[in-house]
Amino acid sequence: MKLSHEVKRKIIQIAAFGFSNSYLGNLASGRLYQGKWKNFCNPGMNCYSCPAARFACPIGAMEAVSTKPGSAVGFYALGFVLAIGVIFGRAICGFVCPFGLIQELLYKISSVKKRIYKPLTYIKYALLVIFVFLMPALVVNKYGIGAPSFCKYICPVGTIEGGIPLLLTIPSLRTMLGKLFTVKAAILVGTIISCVICNRFFCKVMCPLGALYGLLNKISIYSMKHDAEKCISCGKCSDVCPMDTDPVTKPNSPECIRCGRCVHACPTCALRQDFK
Amino acid sequence: MEGKKKRVAQVLIFTAAVCMIAFGVYRGEVSTVFTKAVNVCLECIGLG
């Protein structure tokens, strides 16, 4: 039996999700995994306050360092993301991001489906610069300590993977519920509804990690090539693209998550992805 | 971006990334990340 590309990709996504969240037993107790793997970052978005999480979240890790007095930049996590990004680009989003898989499953829910309004895709770059790089380092209290602003004010991944499981298992946390959680819960609900309507809405509009990887898509070793001589301009590639890009005109668009659907939809093999 | 320029950019960014990781390890960022990751981050879950 020959598996289709989409099935193979889904198997990789599920395996990556399972490896990133292998401490499922912790969900019942509300305890976090505290082993040595937490020294390392997950390549994709996965909250480290999720009881099942094996790795640290790269965005949270960057912010954790830059909130400290005298440490404006989290070099360790940023270097990790750049190293992974220059090799794989946004293939990380398409193959190993746990929240990417969640979004794809949400999109399978039957509903009205819409494409994204293109200018909204620039929001993620603003979130990256303002909430991940600037605010944690510059908006500080009287002791010079900042807050992980993206995690604190925006991130729906933290709310769904960390907040909800911990609130369900640790009653004392429920006494701390307030306006901030209401705002974050509203962002989560909005994100979930948007992901049901629009494929990978969070990736397209909100993900600062996807923004960083996307900026590296043009130069990443794993990249896409378009052969103009073979192309018959049928448009099948852009029709199947979950990120609403056109692989013919922009094979290395910052939005492309390298899922490979276009490559396999092309009737003349005019598109290919490889490490070159 | 094609050919030689792309290869140069890849090497430069990868080298910079490795240097950043080494610098981060040198100044103790790993323990900061670890401490944050093994404790419940109240900000991350919307309570802090």
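This report covers aromatic pairs, the largest pocket, some single residues of chain A, and chain B.

The model is predicted: local features need pLDDT of at least 70, side-chain atom pairs count only at pLDDT 80 or more, and totals for chains, interfaces and linings use all residues. Residues are numbered from 1 along each chain as its sequence is written, chains are lettered from A and ligands numbered from 1 in the order written, and side-chain values use heavy atoms, leaving out hydrogens and water.

## Aromatic rings

Rings of Phe, Tyr and Trp (its six-membered ring) pair if their centres lie within 6.5 Å; planes under 30 degrees apart count as stacked, over 60 as edge-to-face, and the rest as tilted. By this rule there are eleven aromatic pairs over all chains. One of them joins A:Phe88 and A:Phe275. Why is the pair of A:Phe88 and A:Phe275 edge-to-face? The ring centres are 5.9 Å apart and the planes stand at 80 degrees, so the pair is edge-to-face.

This pair links distant parts of the chain. A:Phe88 belongs to helix H4 (residues 75–88) of chain A, and A:Phe275 to strand S2 (residues 271–275) of chain A, 187 residues apart. Helices (H or I, at least four residues) and strands (E, at least two) are DSSP runs, numbered from the N terminus.

Burial has cut-offs too: buried means under 20% relative accessible area, exposed over 50%, and partly exposed in between, with a 1.4 Å probe and protein chains only. A:Phe88 has a relative accessible area of 29%, so A:Phe88 is partly exposed. A:Phe275 counts as partly exposed because its relative accessibility is 48%.

A:Phe19, A:Trp37, A:Phe40 and A:Phe55 form one aromatic cluster. A:Phe19 also has a charge over its ring: the charged end of A:Arg54 is 4.2 Å from the ring centre. A charge sits over a ring if NZ of Lys or CZ of Arg is within 6 Å of the ring centre and within 35 degrees of the ring normal. The charged end of A:Lys113 sits over the ring of A:Tyr107, 4.2 Å from its centre.

## The largest pocket

On a 1 Å grid over the protein atoms alone, a pocket is an open set of points where a 1.4 Å probe fits, with protein on both sides within 12 Å along at least five of seven lines; lining residues have an atom within 4 Å of a point. The largest pocket has a volume of about 150 Å³. That volume is the space filled by probe spheres set on the points, which are joined across faces, edges and corners.

Both rings of the edge-to-face pair reappear here: A:Phe88 and A:Phe275 are among the lining residues. The lining also includes A:Ile12, A:Pro43, A:Ile84 and A:Tyr222. Which helix gives the most to the lining of the largest pocket? H5(A) does, with three residues. H4 and helix H5 (91–95) of chain A each supply at least two.

By class, the lining has ten nonpolar, no polar and no charged residues. Nonpolar covers Ala, Val, Leu, Ile, Met, Phe, Trp, Tyr, Cys and Pro; Asp, Glu, Lys and Arg count as charged; the others, Gly among them, are polar.

## Single residues of chain A

The table gives place and accessibility.

| Residue | Place in chain A | Relative accessible area |
|---|---|---|
| A:Gln13 | helix H1 (residues 5–20) | 1%, buried |
| A:Cys195 | helix H11 | 1%, buried |
| A:Ser238 | helix H14 | 18%, buried |
| A:Lys236 | helix H14 | 44%, partly exposed |

A polar contact of 3.4 Å joins the side chains of A:Gln13 and A:Glu104. A polar contact is a pair of N or O atoms within 3.5 Å; within protein, one must be able to donate a hydrogen and the other to accept it, and residues adjacent in sequence count only if both atoms are side-chain atoms. A polar side-chain atom of A:Ser238 lies 3.2 Å from the backbone oxygen of A:Gly235.

A:Cys195 and A:Lys113 are 82 residues apart in sequence and 9.6 Å apart in space, C-alpha to C-alpha. For A:Lys236 and A:Leu173, the separation is 63 residues in sequence and 50 Å in space, C-alpha to C-alpha.

A:Arg200 is not a glycine, yet has a positive phi of about 50 degrees. A:Arg200 lies in the loop between helix H11 (179–197) and helix H12 (201–206) of chain A. With a relative accessible area of 0%, A:Arg200 is buried. A:Asp244, also not a glycine, has a positive phi of about 60 degrees. Its loop runs between helix H14 (236–240) and helix H15 (261–265) of chain A.

## Chain B

Chain B has two helices and zero strands. Its C-alpha trace spans about 50 × 25 × 10 Å along its principal axes. Of the 48 residues in chain B, 35% are buried.
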